Amino acid sequence: MNQPRLSQAIQRIEASPTTAMTDRATELREQGRDIISLSVGEPDFATPAHVIDAAKAALDAGETKYTPVTGTARLKKAAALHFERDLGIATDPANVIVSAGGKQVIFEALAATVSEGDEVIVPAPWWVSYPQMVRFCGGKVVPLRTHAHHRFHFDPAEVEALIGPRTRWLMLNSPGNPTGAVFPADMLRGIGEVLRRHPQILVLSDDIYSPLIYTGQPHATLASLCPDLADRICTVSGVSKSHAMTGFRIGVATGPNWLISAMGKLQSNTSGNPASISQAAAVAAFEGPQDFLAGWRERFRKRRDMVVAAVNAIPGLSCPVPEGAFYVFVDATSLMSRFGDDTKLALHLLDHGVAVVAASAFGGKNGFRISFAADDAVLEEAMKRIAAALA
């Protein structure tokens, strides 16, 4: 039997390692194994009641039909409110697109602009899907290596050193997945200076974790700090992390009209509109009370501190204190002579009842990522299992 002929584009990419590990943990649980999953970035808190009520009201009102492809007028207006209130970006609803999750928004921005051989600068460690999306589009990933001893920040000059004639995009993610890095305003202003010297470069700023910063400083994003560059910046946000709405699948982006229009053209021929009920719920998320976020943030901060202390108490492991998001990026270099590589280490921990994701999945090495978006007691038990597995 002849093998199916897959496209070159699909052969350039791999399945997401984070979802693969989460799926494996689910399979083991279904087999009766006691597995704690710290592999997925999903808040364990309940979706706020006013958001659930809005979804129920939309169902009761029969709002179950198609909507405009790029989102309802009401949600675009609510998203524009969010961008200005929470990120400091003044935007018009016409320059907003709503998609089925932040992942779709990012893919559409790249697919609409990246041609064969174009280069995309991506700080590493990176979120697993960034390089896969670039490769699918025929682009080349140019890694910008960052390090724990610099808090995973980088100097703007390092960006400029990587720019070439085919550079199309710079990807920014702050607070970052998987490292929890938060980019300070001065660093972003320096990046803005570099970009002014290279007008061909676009910037994708993934701000999905913006409510989760533990430094006490306000969130900084490039489009707010450098409004003169707004016609080259696509800023991505959503409700998945901020409002515990991962299953609703709503992502939003704002950027120059030419780019948003191109993304809408692609969306009109692929998924069509995001789910109508999810859009109604997202309106409530953006327009409704935001005061609960302070309590969630404090609970995440306490979990972070507990996990960091536990990691650094285990011989062979170490990690910096993440400044945002809900991940700890663990270094296990001294254990590699025992395990060979970090994938084998992650599988060893899975055998001992804890699912994590190897650092190599994120363009890093010799370690793993822990999500601390889990109940306190669950995290404490997971850290005990990790310590026992490595004893």
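Select β3 (119-124) and β5 (167-173). These two strands run parallel, and three bridges join them. Now pick Ile121 and look across to β5: its bridge partner there is Leu170. Keep in mind throughout that this is a predicted model.

**The sheet**

Widen the selection to the whole sheet. Seven strands make it up, and the sheet is open. Read across it in the order β2-β8-β7-β6-β5-β3-β4. The pairing is mixed. Now go to the two edges, β2 (96-99) and β4 (140-145). Each has a single partner strand, so one side of each is left without a neighbour in the sheet. Turn the view to follow the twist, which averages 20° from one strand to the next.

**Enclosed spaces**

Rolling a probe the size of a water molecule over the atoms shows where empty space is left. Here, three cavities of 30 Å³ or more are counted.

Start with the largest cavity, which holds about 150 Å³ of space. Select Pro123, Pro125, Asn173, Thr179 and Phe183. Of the 18 lining residues, these are the closest to the centre. Which elements give two or more residues to this lining? They are β3 and β5, the pair from the opening stop. β3 gives the most, with three residues. Colour the lining by class: 13 residues are nonpolar, five are polar and none is charged.

Move on to the second largest cavity, with about 50 Å³ of space. Its lining includes Leu172, Asn173 and Ser174. Add Ser205, Asp206 and Asp207, which also belong to the lining. Phe183, Leu188, Ala220, Thr221 and Leu222 are part of it too. β5 and β6 (202-206) are the elements that give two or more residues here. By class, this lining has five nonpolar, four polar and two charged residues.

**Open pockets**

Go next to the largest pocket, with a volume of about 550 Å³. Select Gly41, Lys103, Trp127, Lys241 and Arg249. Among the 27 residues of the lining, they are the closest to the centre. Then show the helices α2 (17-30), α5 (102-111) and α6 (129-136). Each supplies at least two residues of the lining. The largest share, three residues, comes from α5. Colour by class again: nine lining residues are nonpolar, 12 are polar and six are charged.

The second largest pocket has about 400 Å³ of space. Select Thr146, Phe152, Phe329, Asp331 and Lys365 to find its centre; of the 20 lining residues, they are the closest to it. Which element gives the most to this lining? It is β9, with three residues. The classes here are eight nonpolar, nine polar and three charged.

**Salt bridges**

The structure holds 16 salt bridges. Here are some to visit.

Select Arg151 and Glu323. Their side chains meet in a salt bridge, 2.9 Å from N to O. The pair links distant parts of the chain, 172 residues apart. Arg151 sits in the loop between β4 and α7 (156-162), and Glu323 in the loop between α12 (292-312) and β9 (327-331). Is Glu323 buried or exposed? Its relative accessible area is 12%, under the 20% cut-off, so Glu323 counts as buried.

Next, select Arg196 and Asp228. They form a salt bridge, with the closest N and O atoms 2.8 Å apart. This pair also links distant parts of the chain, 32 residues apart. Arg196 is in helix α8 (residues 185-196), while Asp228 is in the loop between α9 (222-225) and β7 (233-238). Arg196 is partly exposed, at 35% relative accessible area. Asp228 is partly exposed as well, at 49%.

Now go to helix α15 (residues 376-390) and select Glu381 and Arg385. Both lie in this helix, four residues apart, about one turn. They form a salt bridge, with the closest N and O atoms 3.0 Å apart. Glu381 is partly exposed, with a relative accessible area of 33%. Arg385, at 14%, counts as buried.

For the last stop, select Glu298, Arg301, Arg304 and Asp305. What links these four residues? They are joined in a network of salt bridges.

Conventions:
Residues are numbered from 1 along each chain as its sequence is written. This is a predicted model: local features need pLDDT of at least 70, side-chain atom pairs count only at pLDDT 80 or more; totals for chains, interfaces and linings use all residues. Side-chain values use heavy atoms; hydrogens and water are left out. On a 1 Å grid over the protein atoms alone, a cavity is a set of points where a 1.4 Å probe fits but cannot get out, and a pocket is an open set with protein on both sides within 12 Å along at least five of seven lines; lining residues have an atom within 4 Å of a point. Grid points are joined across faces, edges and corners, and a volume is the space filled by probe spheres set on the points. Ala, Val, Leu, Ile, Met, Phe, Trp, Tyr, Cys and Pro count as nonpolar, Asp, Glu, Lys and Arg as charged, and the others, Gly among them, as polar. Two strands pair if DSSP finds at least two bridges between them. Axes are lines fitted to C-alpha atoms, for helices over the stretch in contact, and angles run from 0 to 180 degrees between N-to-C directions. Buried means under 20% relative accessible area, exposed over 50%, partly exposed in between (1.4 Å probe, protein chains only).
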